[in-house]
Amino acid sequence: MKKILALALALVMVLALAIPSAFAADTGRVYWLNMKPEADEALQAMAKVYEEATGVPTKIVTAASGTYSDTLTAEMAKSEAPTLFNIGNGSALLDWDDYALALDGAAVLDELTTKDFNLVNEAGETKALGWIYESFGIIVNKALLEKAGHSLDEITNFDSLKAVADDIHARADELGFDAFTSAGLDDSSAWRFTGHLANLPLFYEFRDEGINTQPATLTGAYVDNFRAIWDLYIDDAAAEKTSLTTATGDQAEAEFGEGKAVFYQNGTWEWSAMVDKFGLNPDDITMIPIYCGVAGEEDAGLCSGTENCLAVNAKVSEADQKATLDFLLWCVTSEEGIATLSSIGDIPFKAAPASANGFSVAGSDLLASGKYAVTWAFNYTPNVDSWRTGVKDALAKYSADQTDANWADVTSAFVDGWAIEYNMVNG
Amino acid sequence: MRKKKNDGTAVNSVLIRRPIQRWFPLFILPTFLCFIIGFIWPFIQGIYLSFCNFNTPRDAKWVGFANYIKAFKDAGFVHAFQNTAAFAVVSIVLINVLAFFIAYALTQRIRGANLYRTVFFMPNLIGGVVLGYIWAMIFDAILKRYSTYLTANSTYGFWGLVILVAWQQIGYMMIIYIAGLQSVPEDMLEAAKIDGATGWQTLTKVIIPNVMPSITICTFLTLTNSFKLFDQNLALTGGAPQVIMNGAKVNMTELLALNIYSTYNISKNWHGAAQAKAVVFFILVAVLAIAQQTATRRKEVQQ
């Protein structure tokens with residue numbers, strides 16, 4: 001008898017430590033599982049303002065860098081699951097479609113300036129809202145370009161870019177700087193090429209074929225253009241071609257920041273590093289589109305897109321869903337909300353103020369002058385990490401020895417790799 | 001022999017023992033609960049999930065053995081399995097032989113033996129991920145002279161991993177062997193000397209049988225370590241290079257643990273298969289470890 005009593009007492013003791021403070025209110029709750037660690041501080045402050053103003057319990061939790069999908073899986077299994085969460089791309093949408101509320105008709109959609117960044121499922125329902133976007137292209141140091149006797153106006157397509165780069169590379173010793181920064185294939189840098197640069201052949205292929213969902217196979221129609229621009233990157237740079245696998249992203253950034261190269265392929269997120277960390281003159285740097293020799297590319301703009309799409313959890317109570325949608329609307333219409341979001345990056349909302357990021361401004365100017373936006377076609381990549389690894393390994397092999405046979409392996413990793421990954425993911 | 005009468009102050013006194021006997025659940029319960037929450041329950045749930053299709057554990061749907069079939073049909077898994085087996089054999093032999101001889105050398109009263117022991121042990125204090133990145137740089141710097149690089153083919157990656165792990169673990173095993181060697185009874189060694197045994201005879205007939213417990217421990221540790229190897233594998237090559245073989249992708253230098261990890265991340269259709277691989281992996285390591293324990297235990301001698 002006493003044994004049972006002891007057991008019961010021990011149980012009570014342990015349970016008392018773990019009583020959940022679950023007092024569900026009718027107002028619903030907001031729980032945003034945030035993917036951007038760099039935005040955590042700003043978002044927390046905003047959540048506090050919102051909670052004080054409305055009384056709706058608002059919680060924002062930020063997953064540690066690189067652990068978002070693990071954290072999301074774990075949090076979604078809990079009873080107090082996130083009401084607002086991130087879906088990175090079309091591939092992730094296939095995994096989380098059941099969990100995402102169809103946003104069609106929600107007031108927050110009317111606040112968008114473009115629907116390009118939203119995620120739409122195969123049934124045509126808008127499932128996630130692209131709330132922040134980024135652009136990438138080739139960052140140019142105009143001051144160095146002029147020092148080498150060239151100007152930005154010369155560069156309008158692949159041939160003119162190649163002419164300028166070849167000339168600078170040929171005179172690198174005399175000038176003291178080279179054309180391109182190192183095209184590192186270390187994991188910290190490889191995504192710039194297997195992800196971002198590979199977007200160009202993908203984008204043009206999808207545009208020709210009118211594809212707007214994840215395709216099962218690729219034709220690889222523009223893989224040769226990929227080769228042309230990759231050759232340019234590695235031929236017209238100081239970096240050794242056999243040591244690209246260990247060349248890092250920081251290395252390339254530093255080469256550009258320290259004025260050792262004129263061209264550097266990266267995105268709008270590099271602005272503050274260039275201006276604040278390396279102290280480059282904001283007037284000396286700009287971003288131009290990536291040219292790879294596709295007909296009509298003179299009219300291309302920057303590659304713009306996002307991996308930050310917010311979805312409302314379809315499996316929480318209706319009160320929670322409503323509270324979350326109200327919160328989202330407040331974020332993009334209220335003064336505090338817009339100020340916070342725009343401090344994190346470029347946002348596609350009507351109330352957004354003008355950008356302070358020179359690269360974003362360059363991108364907007366291109367669009368304003370009638371150039372076409374190159375969307376992030378790579379968002380459809382099946383099993384994206386594995387596909388990119390295949391392309392990276394083949395690129396590394398090709399870079400060490402630029403033969404047609406080695407390029408055939410890149411093409412195979414690109415085209416056959418896609419089909420294999422597609423079958424894997426859907427198998 | 002008759003029991004001594006208890007005076008009530010000894011630890012095994014009835015007055016102390018009885019309350020402990022009666023109230024022990026109170027004391028073990030918190031730890032036991034933690035053990036259930038942190039180990040037993042996830043373990044059972046893990047096995048259950050290996051028979052399900054799931055994205056989060058909440059929406060698991062029973063599918064029977066489909067995940068196991070899928071796991072074994074995966075060319076990458078089979079390849080990782082072969083890799084791991086080869087790696088385990090090579091590293092067990094290499095690490096134990098080298099660790100034993102370093103330990104043997106360092107127990108021969110040479111100058112600065114303590115300093116050497118410390119130095120050899122130190123690599124073990126560095127984390128696997130850091131080691132992976134450092135060695136990747138070292139190997140690449142060397143291979144650059146021959147116009148190639150670490151992830152160019154699977155041979156470099158495999159032997160690179162062997163060198164890394166040997167470098168990391170030899171020091172640890174060495175410490176265990178040193179302890180074993182120091183406990184070899186001095187009189188046995190002396191008797192061997194008097195009987196005119198050669199150095200080799202002393203080693204094989206006296207020393208090795210006496211350090212058999214250390215060998216059991218060290219082979220067990222190296223065996224399980226090589227099967228469970230993850231962070232060094234991830235950081236050194238990450239499985240690269242990836243090649244397409246018979247219409248399937250294979251990461252040439254991927255070991256089992258890393259393969260399971262990357263399987264999970266393919267898509268929600270593969271969560272169950274990754275879980276099934278993990279269960280197979282557990283059974284494999286458990287069976288091998290038990291088999292190895294019984295095999296080496298039999299050779300141990302009583303001192």
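What distance separates the centres of domain 1 of chain B and domain 2 of chain B, taken over C-alpha atoms? I looked this up first and found 34 Å between the two centres, keeping in mind that I was working with a predicted model.

**Entry on the two domains of chain B**

I noted that chain B is divided into domain 1, covering residues 14-49, and domain 2, covering residues 68-297. I then looked at where they touch, and found four residues of domain 1 of chain B in contact with four residues of domain 2 of chain B. The area buried between these two domains came to about 300 Å², and carbon and sulfur atoms give 73% of that area. On the side of domain 1 of chain B that touches domain 2 of chain B, I listed three nonpolar residues, one polar residue and no charged residues. I also searched this interface for pairings, and the rule finds zero salt bridges across it, while one residue pair is in polar contact, both residues being at pLDDT 80 or more.

**Entry on salt bridges**

I next searched the whole structure, where 21 salt bridges turn up over all chains. I wrote down some of them one by one.

Which chains does the pair Lys268(B) and Asp98(A) join? The side chains of these two residues meet in a salt bridge, at 3.9 Å from N to O. Lys268(B) lies in the loop between α11 and α12 of chain B, and Asp98(A) lies in the loop between α4 and β4 of chain A, so the pair joins two chains, B and A. I checked the accessibility of both partners: Lys268(B) is partly exposed because its relative accessibility is 22%, and Asp98(A) is partly exposed with a relative accessible area of 48%.

Within chain A, I found Arg227(A) in a salt bridge with Asp231(A), with the closest N and O atoms 3.8 Å apart. Both residues sit in helix α10, residues 223-235 of chain A, and because they are four residues apart, about one helical turn separates them. I noted that Arg227(A) is buried and that Asp231(A) is buried as well.

Within chain B, I found the side chains of Lys277(B) and Asp74(B) meeting in a salt bridge at 2.7 Å, N to O. Lys277(B) lies in helix α12 and Asp74(B) in the loop between α2 and α3, so this pair ties together parts of chain B that are 203 residues apart in sequence. Lys277(B) and Asp74(B) are both buried.

Lastly, I recorded a network in chain A, in which salt bridges that share partners join Lys36(A), Glu38(A) and Glu134(A).

Terms used
Residues are numbered from 1 along each chain as its sequence is written. Chains are lettered from A and ligands numbered from 1 in the order in which they are written. This is a predicted model: local features need pLDDT of at least 70, side-chain atom pairs count only at pLDDT 80 or more; totals for chains, interfaces and linings use all residues. Side-chain values use heavy atoms; hydrogens and water are left out. Domain bounds come from an automatic or database domain assignment. Contact means heavy atoms within 4.5 Å. Buried area is the accessible area (1.4 Å probe) that two parts lose on being put together, summed over both. A salt bridge is a side-chain nitrogen of Lys or Arg within 4 Å of a carboxyl oxygen of Asp or Glu. A polar contact is a pair of N or O atoms within 3.5 Å; within protein, one must be able to donate a hydrogen and the other to accept it, and residues adjacent in sequence count only if both atoms are side-chain atoms. Ala, Val, Leu, Ile, Met, Phe, Trp, Tyr, Cys and Pro count as nonpolar, Asp, Glu, Lys and Arg as charged, and the others, Gly among them, as polar. Buried means under 20% relative accessible area, exposed over 50%, partly exposed in between (1.4 Å probe, protein chains only).
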